[in-house]
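Hi,

Here is the structure I said I would pass on. Have a look at it first, and my notes on what turned up follow below.

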Amino acid sequence: MIYQDLLNESALESYAAALNSRGGTARGRLTADGLRDRILESGGRCEWCAVNLVNAEFELDHVLSLRQGGSNSVANLVVACPDCNRRKGRKHPARFAAELYRETGRRTELLTRLFQRYGLDPAQQLPLFAEGSPEAAPAIDAGVEVSKVPPYTWVD
Ligand SMILES: [Zn+2]
């Protein structure tokens with residue numbers, strides 16, 4: 001979908017239908033209105049890396065994937081640039097947040113919420129990330145029993 005102040009209604013409906021169909025048995029059901037509100041809240045920026053998305057292609061990303069027990073609700077969706085969405089892939093959101101922060105030094109609101117939610121201090125983590133490949137990074141996933149993580153809501 002292309003980010004514009006006036007989002008295309010039928011595109012929103014198709015997107016909601018596609019997410020609901022992919023959502024399977026996950027909690028939550030999405031509507032075009034819900035998606036529009038959530039999308040506009042992003043202010044036209046990727047909520048991961050803050051790149052400007054106005055008049056550009058964007059995607060909706062389940063912060064905690066459905067596979068990891070995330071819900072199919074707007075509280076678990078963020079506006080993402082295609083690059084962030086692809087790079088995040090199946091990574092745990094806290095892991096991807098730390099990876100992005102290490103690269104950019106930029107702490108978006110979403111990153112801040114994730115660091116708080118998972119009790120991470122990226123300033124402390126950074127030295128550990130300094131050497132080696134991303135795969136050598138501290139296993140954030142290991143510290144978070146994904147199946148036991150309560151439903152993730154980043155909206156207060
Ligand atoms: Zn991005």
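**The nonpolar core**

The largest nonpolar core has 32 residues, and the members that touch the most others are Cys46, Val79, Ala80 and Ala97. At least two residues each come from α1 (9-23), α2 (32-41), β2 (77-80), α4 (93-104) and α5 (109-117). The largest share is that of α4, with six residues. As a background note, nonpolar side chains tend to be buried together in soluble globular proteins.

Before you go further: this is a predicted model, so a word on confidence comes next.

**How far to trust it**

The average pLDDT of the chain is 83, and 78% of the residues score at least 70. β2 has the highest confidence, at 98, while helix α7 (residues 140-143) has the lowest, at a mean of 41. Over residues 127-153 the pLDDT stays under 50, and the model has 29 contacts beyond four places in sequence for that stretch. I'd leave those contacts alone, because predicted coordinates should not be read in detail where pLDDT is low.

**Overall layout**

You'll find seven helices and two strands in the chain. Starting at the N terminus, the order of the elements is α-α-β-β-α-α-α-α-α. The chain has 156 residues, of which 29% are buried. If you take the contacts between residues at least 6 apart in sequence, 65% of them join residues at least 24 apart.

**The two strands**

β1 (59-62) and β2 run antiparallel, with four bridges joining them. One pairing to look up is that of Glu59, whose bridge partner in β2 is Ala80.

Which way do the residues of β2 point? Leu77 and Val79 go one way, Val78 and Ala80 go the other way, and all are buried. Val79 is worth clicking on: leaving out neighbours within four places in sequence, its contacts are Ile39, Ser42, Cys46, Glu47, Leu53, Phe58 and Leu60. Val79 and Cys46 are both among the core residues that touch the most other members.

**α2 and its two sides**

In α2, the buried residues are Leu35, Arg38 and Ile39. They sit on the same side of the helix, because the arc they cover around the axis is only 100°. α1 and β2 are among what covers them. The face turned away from that buried side carries Asp37 and Glu41, which are exposed. Just after α2 comes Gly43, with a positive phi of about 65°.

**The loop after α2**

Two residues that are not glycine have a positive phi here. Ala50, in the loop between α2 and β1, has a phi near 75°. Asn55 is in the loop between α2 and β1 as well, and its phi is about 65°.

Are these residues buried or exposed? Ala50 is buried, because 20 other C-beta atoms lie within 10 Å, and 20 is where the buried class starts. Asn55 counts as exposed, because it has 9 C-beta neighbours inside 10 Å, and the exposed class takes in 12 or fewer.

**Cys84 and what it touches**

Cys84 is in helix α3 (residues 82-88). It is buried, with 21 other C-beta atoms within 10 Å. Setting aside residues up to four places away in sequence, Cys84 touches Cys46, Trp48 and Cys49. Cys49 is 35 residues from Cys84 along the chain, and their C-alpha atoms are 7.4 Å apart.

**Gln68 and His92**

Here is another pair to look up. Gln68 lies in the loop between β1 and β2, and its C-alpha is 8.0 Å from that of His92, with their positions 24 residues apart in sequence. Gln68 counts as partly exposed, with 18 C-beta neighbours inside 10 Å.

**α4**

Last, the helix with the largest share of the core. α4 has 12 residues and spans 16 Å from first C-alpha to last, close to the 16 Å expected at 1.5 Å a residue. Its buried residues are Pro93, Ala94, Arg95, Phe96, Ala97, Ala98, Leu100 and Tyr101. Ala97 is also one of the core residues that touch the most other members. After α4 comes Gly105, with a positive phi near 70°.

Cheers

Terms used: Residues are numbered from 1 along each chain as its sequence is written. This is a predicted model: local features need pLDDT of at least 70, side-chain atom pairs count only at pLDDT 80 or more; totals for chains, interfaces and linings use all residues. A nonpolar core is a set of buried Ala, Val, Leu, Ile, Met, Phe, Trp, Tyr and Cys residues joined through C-beta atoms within 7 Å. Two residues are in contact if their C-beta atoms, placed from the backbone, lie within 7 Å. pLDDT is the predictor's confidence in each residue, from 0 to 100. The expected span of a helix is 1.5 Å times one less than its number of residues. Two strands pair if DSSP finds at least two bridges between them. The arc is that of the directions from the helix axis to the C-beta atoms.
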